[in-house]
Protein chains: 2
Amino acid sequence: MRFNDKLRLAWKKNNSLVCVGLDPDLSRLPAGMAQQRESIFEFNKTIIDATHDVVCAYKPQIAYFSAYSAEEQLEQTIQYIKTHYPDIPVILDSKRGDIGSTAQKYAVEAFERYQADAVTINPYMGFDSAEPFLNYQDRGVILLCRTSNRGAGDIQDLIVDGVPLYERVADLVANQWNKHNNCLLVVGATWPEQMAKIRNIVGDMPFLVPGAGAQGGDVEQLVKAGKTADGTGLIVNSSRGVLYASNGPDFVEAARNEVIKLRDLINQFR
Amino acid sequence: MRFNDKLRLAWKKNNSLVCVGLDPDLSRLPAGMAQQRESIFEFNKTIIDATHDVVCAYKPQIAYFSAYSAEEQLEQTIQYIKTHYPDIPVILDSKRGDIGSTAQKYAVEAFERYQADAVTINPYMGFDSAEPFLNYQDRGVILLCRTSNRGAGDIQDLIVDGVPLYERVADLVANQWNKHNNCLLVVGATWPEQMAKIRNIVGDMPFLVPGAGAQGGDVEQLVKAGKTADGTGLIVNSSRGVLYASNGPDFVEAARNEVIKLRDLINQFR
């Protein structure tokens, strides 16, 4: 099944636009869980079991695994989702970007080794750096457009032919790179005004939206700015706000409650 | 020792601006070497032993390891260089780019897990995505500026305030991001004209130059365009042209000869 179809079914099935970001930080694991590599899969599994019916996607962030030499835990985590909750798409957040033969190896990493349904990539190196990913036509390729961080504007807001670079990237992706209809964009929750402009440029292309949780984007504004006509179009990610909602023995319940709270808040404005 | 000092000593010691890129492709290993993950370290070790006195750096490209689940072979490779040839800096080519806490994990991956002397990163997400790397003041941070591939211009050549984006990136890095004097730039060998302009903007900042080998950049032009007043300033990378110079039993000699040929060609024009 193509990624965008899988995503659409997950949005509908769980009536949710919430994606849980799996950013396992050993120093922030719940009390009682050993701060060691082996805990990572166990922690992720617990979070996944507690939230699988209220999310539209999971997004493991690969840096949180590779910093701990925990590639095996990442493999186990994705395998677990695919085995137990096969309707929920997995987005590998790795923001890779390189040329031809190297990009091909990164595509193998994401789509064959880790079996991700979609991957985030960086557009700075141009079309031929995206092409090896795009050629996996049943997978999603999520290009950075306007990110949620403080310094996002340093490069992304520079004015090109009268419009900010991120609008130009959105235009390039929508009108030139999306030949197989498998592109998505990263558009930060912290910039609803920019999100509305990008929505205008790209039609119904889905957005992966970081920054709604810990980074504090306003949910009402972002949903109104980014939703498509049918009230979807958004994968609203929360990582730390969910994973570390509580450090105590109630962490599972607290994580689930955070997801439900965010889901319901989003659904008010769809 | 700071990265730029280590690099300067290596340039001098081996009278070489050549960097060997370690892109181990299992399907291209020499005849007689098993096409399996375990061969990767053995192959790299052989290449390193054959070239350590004629290079200024090694540059393992992480995608060629992660596609094969060969993180351990990458660790072994870097460890081998640091143990046996500690004067030769190791550049981890991973082109990472993410924000705050995630960028911090990527910096841990590059500088602590793999113990790289320098790392390549992508500037698209802005200063705060580079900062966690820059804070390792003894390590080098090599930012993508003008890459060597066909599609490089799709984004990098867009005109911002009358100059191409890559010049703006060079200016930002040289004048705002380089507070600890540990920034370098990626400037492709295939664009000598652009390289000369960038050299003009950034003074003596070293360039990592891909594309001189398999991608076919002209060596005379690139050296003249990119060298600093003292005849250095360049880390000229060749990967496939060296690693796969021969597929036969003479592959070690062939690899060494390719490096020497490129070194001597460069030195003619320094």
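Visitor: Which residues are buried in helix α10 of chain A?

Guide: In α10, residues 219-226 of chain A, the buried ones are V219(A), L222(A), V223(A), A225(A) and G226(A). Buried means under 20% relative accessible area, exposed over 50% and partly exposed in between, with a 1.4 Å probe and protein chains only. Helices (H or I, at least four residues) and strands (E, at least two) are DSSP runs, numbered from the N terminus.

Visitor: Before we go on, what should I know about the model?

Guide: This is a predicted model, where local features need pLDDT of at least 70 and side-chain atom pairs count only at pLDDT 80 or more, while totals for chains, interfaces and linings use all residues. Residues are numbered from 1 along each chain as its sequence is written, chains are lettered from A and ligands numbered from 1 in the order in which they are written, and side-chain values use heavy atoms, with hydrogens and water left out.

Visitor: Thanks! Back to the helix: where do the buried residues of α10(A) fall, seen down its axis?

Guide: They fall within an arc of 165 degrees, so they line one face of α10(A). The arc is that of the directions from the helix axis to the C-beta atoms.

Visitor: And what covers the buried residues of α10(A)?

Guide: The cover includes α9 (192-202), β9 (207-209), β10 (234-238) and α12 (251-268) of chain A. Contact here means heavy atoms within 4.5 Å.

Visitor: What caps the N-terminal end of α10(A)?

Guide: D218(A) does, with a side-chain oxygen 3.1 Å from the backbone nitrogen of E220(A).

Visitor: Let's look at α9(A). Which of its residues are buried?

Guide: P192(A), Q194(A), M195(A), I198(A), R199(A) and V202(A). These cover an arc of only 150 degrees around the axis, which puts them on the same side of α9(A). The face turned away from that buried side carries the exposed residues E193(A) and N200(A).

Visitor: Switching topic: how many residues does each chain bring to the contact between chain B and chain A?

Guide: Chain B brings 55 residues and chain A brings 56. About 4500 Å² is buried between the two chains, and carbon and sulfur atoms give 54% of that. Buried area is the accessible area (1.4 Å probe) that two parts lose on being put together, summed over both.

Visitor: How many salt bridges are there between chain B and chain A?

Guide: The count is 8. In one of these, R113(A) pairs with E71(B), the closest N and O atoms being 2.9 Å apart. A salt bridge is a side-chain nitrogen of Lys or Arg within 4 Å of a carboxyl oxygen of Asp or Glu.

Visitor: What about R113(B), is it buried or exposed?

Guide: R113(B) counts as buried, at 15% relative accessibility, and is found in helix α5 of chain B.

Visitor: Which polar contacts does the side chain of R113(B) make with S66(A) and S69(A)?

Guide: The side chain of R113(B) reaches the backbone oxygen of S66(A) at 2.9 Å, and a polar contact of 3.0 Å joins the side chains of R113(B) and S69(A). A polar contact is a pair of N or O atoms within 3.5 Å; within protein, one must be able to donate a hydrogen and the other to accept it, and residues adjacent in sequence count only if both atoms are side-chain atoms.

Visitor: And E71(A), where does that lie?

Guide: E71(A) lies in helix α4 (residues 71-84) of chain A and counts as buried at 10% relative accessibility. Beyond its neighbours within four places in sequence, E71(A) is in contact with residues including R113(A), E71(B) and R113(B).
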